[in-house]
Amino acid sequence: MYNKKLTIKDWSFQDRPREKLLIQGKKMMSDAELLAILIGSGSRDETAVELSRRILHCMDNDIQKLAELSIHELLKFKGIGEAKAIAIIAALEFSYRRINKEATRQTIKIQESKDIYKHMTQYLKNLNGEEFWAVILNRENRIICTHQLNKQSETNLDAKLLFELALENQAQRIILCRYDPFGTLKPSNEDLLINKLVEAGKMLGVCVCDYLILTDMNYLSFTDQGLL
């Protein structure tokens, strides 16, 4: 006898992920069910929920591990195409930014370079190569936002993006950071060109008040070293 595989449409109304969220609310949803809504549909072999469970199982049911996957890595899962991979990455990045902004609201006043390093450690664990970051501060030295300043395929600081962020957020002060994946704290010739950005900032009424080289274990502050 032929046994037709049940699809989500064959499930009882209240058990379908979208309908369950509508009826019972988001708190009653499992991680797999929430991911299934992002995925949208499964395949001939498995439902979206089953596919989600398989993906989460491969990630040890750790959402943080899932968030660190690239589009190329997500595409390795059978049943995940480019559109679904993009939807997953976009949703997880949006959630990450929400959490980051909430944490920023609670951040203490930045008083010295070690406060910036402590703030940036939450970002360092996800970095694989050299990256530039800007910490945007208000008049009271409280963090407005933290933003990456270079694309993954590039290794240079995007000065245009930097000052666009500053103007957009009505920033008073900026602290620049460069993550060195090799753990080298000695400033390079490119690092020493930071003073050009300092002068450009003055023209816009924005103070570039420090530049930090960050590693996994330590940091170097240009202001502390008298280099800025």
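Buried here means under 20% relative accessible area, and by that criterion strand β1, residues 131-137, is mostly covered, with seven of its seven residues buried. The model is predicted, and the description below moves from this strand and its partners to the nonpolar core, then to one loop residue, the salt bridges and a surface patch.

## Strand β1 and its partners

In a regular strand the side chains alternate between the two faces of the sheet. In β1, the residues E131, W133, V135 and L137 point one way, F132, A134 and I136 point the other way, and all of them are buried.

Strand β1 is joined by seven bridges to strand β3 (residues 173-179), the two running antiparallel, and β1 also pairs in the antiparallel sense with strand β2 (residues 143-148), in this case over five bridges. Residue I136 illustrates both pairings, since I136 stands opposite I174 in β3 and has C145 as its bridge partner in β2. The connection between β1 and β2 is a hairpin with five residues between the strands, and N141, which belongs to the turn, has a positive phi of about 65 degrees.

## The largest nonpolar core

The largest nonpolar core has 22 residues, of which L149, L162, I174 and L176 touch the most other members. At least two residues of this core are supplied by each of β1, α8, β3, α9 and β4, and the largest share, four residues, comes from α8.

Among these residues, L149 lies in the loop between β2 and α8 (159-168), and with a relative accessible area of 1% L149 is buried. Not counting residues up to four places away in sequence, L149 touches F132, W133 and A134, as well as N156, L157, D158, L161, L162, L165 and L176. The contact with L176 joins residues that are 27 apart in sequence, and their C-alpha atoms are 9.3 Å apart in space. Under the same exclusion of residues up to four places away, L162 touches A134, L149, L157, I174, L176 and L197. A134 thus appears in the contact lists of L149 and of L162, while A134 itself is one of the β1 residues that point the same way as I136.

## A buried loop residue

T215 is found in the loop between β4 (207-214) and β5 (219-221), and its relative accessibility of 4% places T215 in the buried class. Leaving aside neighbours within four places in sequence, T215 is in contact with Y117, L124, Y179, D180, G183, T184 and L185.

## Salt bridges

Side chains of opposite charge can pair when their charged atoms come close. A search of the whole structure finds 10 salt bridges, and the table lists three of them with the distance from N to O.

| Acidic residue | Basic residue | N to O distance |
|---|---|---|
| E33 | K20 | 3.1 Å |
| D60 | K65 | 2.7 Å |
| E199 | K202 | 3.4 Å |

In the pair of E33 and K20, the glutamate lies in helix α2 (residues 31-39) and the lysine in helix α1 (residues 17-24), so that this salt bridge ties together parts that are 13 residues apart in sequence. Both E33 and K20 are buried. In the pair of K65 and D60, by contrast, K65 is partly exposed at a relative accessible area of 37%, and D60 counts as exposed at 54% relative accessibility.

The pair of E199 and K202 sits within one helix, α9 (residues 194-203), where the two residues are three apart and therefore separated by about one helical turn. E199 counts as partly exposed at 44% relative accessibility, whereas K202 counts as exposed at 55%. Elsewhere, E130, R178, D180 and D191 are joined into one network by salt bridges that share partners; D180, a member of this network, is also among the residues in contact with T215.

## A nonpolar surface patch

On the surface, I71, L75 and I86 make a nonpolar patch of about 220 Å². Of these residues, L75 lies in the loop between α5 (71-74) and α6 (82-105), and L75 is partly exposed, with a relative accessible area of 36%. Patch membership requires over 30% relative accessible area, a cut-off that the 36% of L75 satisfies.

How values were computed: Residues numbered from 1 in each chain as written. Predicted model: local features only at pLDDT ≥ 70, side-chain atom pairs only at ≥ 80, totals over all residues. Heavy atoms only, no water. Salt bridge = Lys/Arg side-chain N within 4 Å of Asp/Glu carboxyl O. Buried < 20%, exposed > 50% of the residue type's maximum accessible area, 1.4 Å probe, protein only. Patch = residues over 30% accessible without salt bridge, like charges linked within 9 Å, V, L, I, M, F, W, Y side chains within 5 Å. Areas by Shrake-Rupley, 256 points an atom, 1.4 Å probe, with all protein chains shown as cover. Pairing = 2+ DSSP bridges. Contact = heavy atoms within 4.5 Å. Core = buried A, V, L, I, M, F, W, Y, C linked by side-chain atoms within 4.5 Å.
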